[in-house]
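The following exercises concern the structure shown below. Each opens with a task and proceeds to a worked solution.

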Amino acid sequence: MARLPYQVLVILYLQSENHIKYCIFERKSPRGQLQFVAGGGEDDETPLQAAMREVHEEAGINKAIFQQLTSVCYIPTNIFSQSQRQAWGENVFVIPEHAFGAKVETENVSISDEHVAFNWVSYDEAMAQLAWDSNKTALYELNCRLKNP
């Protein structure tokens with residue numbers, strides 16, 4: 001399996017008439033870091049296919065309605081292993097992170113071994129707890145889209 005030079009970020013959410021909840025995950029390492037589902041593309045996957053696979057792998061969810069967001073950030077490649085950076089080539093210094101919202105029908109999540117916990121929270125709670133600005137930006141966009149269709 002070849003890892004492609006991009007990442008995906010997926011925000012799981014539940015929506016009722018007057019309430020939206022977002023699922024944040026606590027990564028195993030570094031402990032305590034809260035973020036949304038995230039991972040890299042593999043083989044010949046499109047970003048949407050990678051997002052769907054990552055949601056299945058990290059949250060055990062097979063059924064969701066995906067919406068690609070406009071939010072894209074760039075991640076410096078120095079956070080990845082040397083072997084991974086070599087596979088991408090010596091002139092790849094940053095990779096894009098494509099963001100998605102994924103509407104789910106249940107709070108039932110089965111976390112992978114990448115995480116130690118998850119929690120369904122409000123927009124304000126998520127904004128206060130998320131570790132990465134890219135997660136906050138994508139959440140802001142998704143929340144705006146859901147409240148102003």
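**Exercise 1. Salt bridges**

Task: Determine how many salt bridges the structure holds, and state where the partners of Arg27, Glu57 and Glu105 lie.

Solution.

Step 1. The structure holds 8 salt bridges, a salt bridge being a side-chain nitrogen of Lys or Arg within 4 Å of a carboxyl oxygen of Asp or Glu. The model is a predicted one, in which local features need pLDDT of at least 70 and side-chain atom pairs count only at pLDDT 80 or more, while totals for chains, interfaces and linings use all residues. Residues are numbered from 1 along each chain as its sequence is written, and side-chain values use heavy atoms, with hydrogens and water left out.

Step 2. Arg27 and Glu114 form a salt bridge through their side chains, at 3.1 Å from N to O. Because Arg27 belongs to strand 2 and Glu114 to the loop between strand 6 and strand 7 (115–121), this pair ties together parts that are 87 residues apart in sequence. Helices (H or I, at least four residues) and strands (E, at least two) are DSSP runs, numbered from the N terminus. Arg27 is buried, at 16% relative accessible area, whereas Glu114 is partly exposed, at 29%. Here buried means under 20% relative accessible area, exposed over 50%, and partly exposed in between, with a 1.4 Å probe and protein chains only.

Step 3. The partner of Glu57 is Arg53, with the closest N and O atoms 3.1 Å apart. Both residues lie in helix 1 (residues 47–59), 4 residues apart, about one turn of the helix. Glu57 is partly exposed, with a relative accessible area of 38%; Arg53 is buried, at 15%. A network of salt bridges links Glu42, Glu45, Arg53, Glu54 and Glu57.

Step 4. Glu105 pairs with Lys63 in a salt bridge whose closest N and O atoms are 3.5 Å apart. Since Glu105 lies in the loop between strand 6 and strand 7 and Lys63 in the loop between helix 1 and strand 5, the pair ties together parts that are 42 residues apart in sequence. Glu105 is exposed, at 64% relative accessibility, and Lys63 is exposed, at 57%.

**Exercise 2. Cysteines**

Task: Explain why Cys73 forms no bond with the closest cysteine sulfur.

Solution.

Step 1. A disulfide is a covalent bond between the sulfur atoms of two cysteines. The criterion is a pair of cysteine sulfur atoms within 2.5 Å.

Step 2. The cysteine sulfur closest to that of Cys73 is in Cys144, 18 Å away, which is too far for a bond. Cys144 is accordingly in no disulfide, and the structure holds 0 disulfides.

Step 3. Cys144 is partly exposed, with a relative accessible area of 28%.

**Exercise 3. Partners of strand 1**

Task: Identify the strands that pair with strand 1 and give the sense of each pairing.

Solution.

Step 1. Two strands pair if DSSP finds at least two bridges between them.

Step 2. Strand 1 runs antiparallel to strand 4 (residues 37–42), and 5 bridges join them. In this pairing, Gln7 stands opposite Gly40 of strand 4.

Step 3. Strand 1 runs parallel to strand 6, to which 7 bridges join it. Val10 has Phe100 of strand 6 as its bridge partner.

Step 4. With strand 2 the pairing is antiparallel, over 3 bridges. Gln15 has Ile20 of strand 2 as its bridge partner, and a hairpin of 4 residues joins the two strands.

**Exercise 4. Helix 4 and the overall fold**

Task: State which residues of helix 4 are buried and what covers them, then place the helix within the whole protein.

Solution.

Step 1. Helix 4 (residues 133–147) has 15 residues and reaches 21 Å from its first C-alpha to its last, close to the expected 21 Å. The expected span is 1.5 Å times one less than the number of residues.

Step 2. Its buried residues are Ser134, Asn135, Ala138, Leu139, Glu141, Leu142, Asn143 and Leu146. The elements covering them include strand 1 (3–15), strand 2 (20–27), strand 5 (65–76) and helix 3 (123–129).

Step 3. The protein has 4 helices and 7 strands, in the sequence pattern β-β-β-β-α-β-α-β-β-α-α. Buried residues make up 45% of its 149 residues.

Notes. Contact = heavy atoms within 4.5 Å.
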